[in-house]
Amino acid sequence: MPDPMTIASGLSAAGAIVSAWQLRRRALRAETQLELLQAELEAERHAASHDPLTGLPNRRAFFRLAAALLTDAAGQPLVAIVLDLDDFKQVNDRYGHAAGDQVLVSTAQRLSAFAGDNLVARLGGDEFAGLLASPTVDRRWIEHATRRLCEALAAPIPLGTRTVRVTASVGLAPVHGPAQLTDALCRADAAMYQAKSISGGRATRQLVEASHLAEC
């Protein structure tokens, strides 16, 4: 006949194993739920700071990130850039809003490729901005950078069975510190609108150079 103490000891050990297994399951379930909550929180943070169409930082994130970059720049020359697509409304009117969205996505991709690791953002509509590190901020470098960016943006964009060329007006202005960010963006914006007025009489969606240097 089995020893009652042995049986009790065995039952106790079995109960301990079951309890440990249940605790392990609850811990794994809690860990999974925590990971899901963290992922959801991260997704919400990303959505709050990024443009849903292009994936670029939005206006609020741009100013926050730009201020941080300018604070940590340690004297490195930086250039603020503002660009706006020419006659973008005509793309939506002629080809539809889906085509307009594709043009915006392509513009964001080309601006990002041009900027490399530098900060670029979509401020809203067809307006984009960036903060570029540069070896210098002299007139020749800024004019060359503006020309290269305009040429990159004016390359044909495939839209299904057709392609479209959308030109952009670009303005650049040197910025030397966080306190000058708003002023530099205003000067870049003014330069961009001057470029737009210069190219406004030309045929839309053609490969044209629309560049202007923002004076300090």
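**Entry 1: an exposed pair in α3**

I began with K89, which at 59% relative accessibility counts as exposed, and I noted before going on that the model I am reading is a predicted one. Its partner in a salt bridge is D93, and the closest N and O atoms of the two are 2.7 Å apart. I looked up D93 as well, and at 54% relative accessibility D93 also counts as exposed. Both residues belong to helix α3, where, being four residues apart, they are separated by about one helical turn.

**Entry 2: the other salt bridges**

I then asked how many salt bridges the count comes to, and it comes to six. One of them joins R122 to D51, with 3.1 Å between the closest N and O atoms. R122 lies in strand β2 and D51 in the loop between α1 (4-49) and α2 (59-71), so this pair ties together parts of the chain that are 71 residues apart in sequence. I checked whether these two residues are buried or exposed: R122 is buried, with a relative accessible area of 14%, and D51, at 11% relative accessibility, counts as buried too.

The side chains of D84 and K196 meet in another salt bridge, at 2.9 Å from N to O. Here again distant parts of the chain are linked, since D84 is in strand β1 and K196 in helix α6 (residues 181-199), 112 residues apart. D84 counts as buried, at 11% relative accessibility. I also wrote down that D84, D86 and K196 are linked in a network of salt bridges.

**Entry 3: strand β3 and its two partners**

I turned to strand β3 (residues 127-133), of whose seven residues six are buried, so the strand is largely enclosed by the rest of the structure. Which strands does β3 pair with? Strand β1 (residues 78-85) runs antiparallel to β3 and is joined to it by seven bridges, while strand β2 (residues 119-124) pairs with β3, also in the antiparallel sense, over five bridges. To fix the register I noted that L78 stands opposite A133 in β3, and that A121 stands opposite A129 in β3. Strands β2 and β3 form a hairpin with two residues between them, and in this hairpin G125 takes a positive phi near 55°.

**Entry 4: helix α4 and the glycine after it**

Helix α4 (residues 97-115) has 19 residues, and I found that it reaches 27 Å from its first C-alpha to its last, close to the 27 Å expected at 1.5 Å a residue. Its buried residues include A99, V103, L104, T107, R110, L111 and F114; I marked R110 in particular, as an arginine listed among the buried residues of this helix.

G116 follows α4 with a positive phi, near 65°, and its place is in the loop between α4 and β2. At 45% relative accessibility, G116 counts as partly exposed. I also looked at G116 against L132, which is 16 residues away along the chain, and the two C-alpha atoms are separated by 9.0 Å.

**Entry 5: the nonpolar cores**

Next I looked up the largest nonpolar core, which has 30 residues, and those with the most contacts inside it are L83, L85, V103, F128, L149, V170 and L172. The elements that give two or more residues to this core are β1, α3 (88-95), α4, β3, α5 (139-153), β4 (157-159) and β6 (168-175). Which of them gives the most? Helix α4 does, with seven residues.

I followed L85 one step further and, leaving out residues up to four places away in sequence, found that L85 touches V103, L104, T107, D126, V166, T167, A168 and K196. Apart from the largest core lies another one, of 18 residues, among them F62, L70, A129 and L181. A129 has thus turned up twice in these entries, as a member of this other core and as the residue opposite A121.

**Entry 6: cysteines**

Last, I asked how many disulfides the count comes to, and it comes to zero. For the record I took down the accessibility of two cysteines: C150 is buried, with a relative accessible area of 1%, whereas C186, at 49% relative accessibility, counts as partly exposed. The value for C186 falls under the cut-off for exposed, which is over 50%.

Notes:
Residues are numbered from 1 along each chain as its sequence is written. This is a predicted model: local features need pLDDT of at least 70, side-chain atom pairs count only at pLDDT 80 or more; totals for chains, interfaces and linings use all residues. Side-chain values use heavy atoms; hydrogens and water are left out. The expected span of a helix is 1.5 Å times one less than its number of residues. Buried means under 20% relative accessible area, exposed over 50%, partly exposed in between (1.4 Å probe, protein chains only). Two strands pair if DSSP finds at least two bridges between them. A disulfide is a pair of cysteine sulfur atoms within 2.5 Å. A nonpolar core is a set of buried Ala, Val, Leu, Ile, Met, Phe, Trp, Tyr and Cys residues joined through side-chain atoms within 4.5 Å. Contact means heavy atoms within 4.5 Å. A salt bridge is a side-chain nitrogen of Lys or Arg within 4 Å of a carboxyl oxygen of Asp or Glu.
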